[in-house]
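Student: I'd like a close look at one part here, the pockets. Please take me through what lines them.

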Amino acid sequence: MRRAQDPCPCGSPRAYPECCGLYHTGTPATDAPSLMRSRYSAFVLQLEPYLLSTWHVSTRPASVPFSKNQKWLGLSVVDSKATGEKSAEVEFIARSRVSNAAAVRHHERSRFVLEGGRWFYVDGDLKGR
Ligand SMILES: [Zn+2]
């Protein structure tokens with residue numbers, strides 16, 4: 001169980017309840033990078049309902065496969081930019097490790113759209129490793 005003073009899993013200096021915890025409990029993410037960070041935190045905390053509810057309906061999977069032995073090591077948001085009035089891209093690197101294997105980098109440039117006042121993850125392109 002996480003404690004209130006623990007730093008947020010997304011790597012921000014803020015405590016979880018004042019960072020991604022806000023979004024996980026219903027506050028709409030203010031922008032695409034915030035949604036991106038809250039989705040990373042949701043992977044760390046295995047919050048499947050949050051991941052599904054922030055996945056755009058056009059690309060949303062039926063379920064999110066969590067790997068039991070996967071340990072998330074950190075998130076870096078590399079770049080983000082608006083691509084339209086209601087669309088944005090965020091490039092990030094998420095590092096994780098499964099059991100005792102070497103750490104792997106997930107480097108993706110993701111697309112997000114704003115609909116009805118909420119940001120949604122649409123899809124992304126994997127970048128070279
Ligand atoms: Zn956070």
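Tutor: First, the sorting of side chains: Ala, Val, Leu, Ile, Met, Phe, Trp, Tyr, Cys and Pro count as nonpolar, Asp, Glu, Lys and Arg as charged, and the others, Gly among them, as polar. This is a predicted model, where local features need pLDDT of at least 70 and side-chain atom pairs pLDDT 80 or more, while totals for chains, interfaces and linings use all residues. Numbering starts from 1 along each chain as its sequence is written, and side-chain values use heavy atoms, without hydrogens or water.

The largest pocket (an open set of points on a 1 Å grid over the protein atoms alone, where a 1.4 Å probe fits, with protein on both sides within 12 Å along at least five of seven lines) has a volume of about 240 Å³, counted as the space filled by probe spheres on points joined across faces, edges and corners. Its lining, meaning residues with an atom within 4 Å of a point, is M36, R39, Y40, F43, W55, W72, F92, A94, H106, E108, S110 and Y121. Those split into eight nonpolar, two polar and two charged. Helix α2 (32-45) and strands β2 (87-98) and β3 (104-115) each supply at least two of them; helices here are DSSP runs of H or I with at least four residues, strands runs of E with at least two, numbered from the N terminus. The top contributor is α2, with four residues.

Now the second largest pocket, at about 160 Å³. Of its 13 lining residues, Y23, Y50, S53, T54 and R118 lie closest to the centre. Two or more residues come from each of α1 (20-24), α3 (48-53) and β4 (118-126), with β4 giving the largest share, three. This lining divides into seven nonpolar, five polar and one charged.
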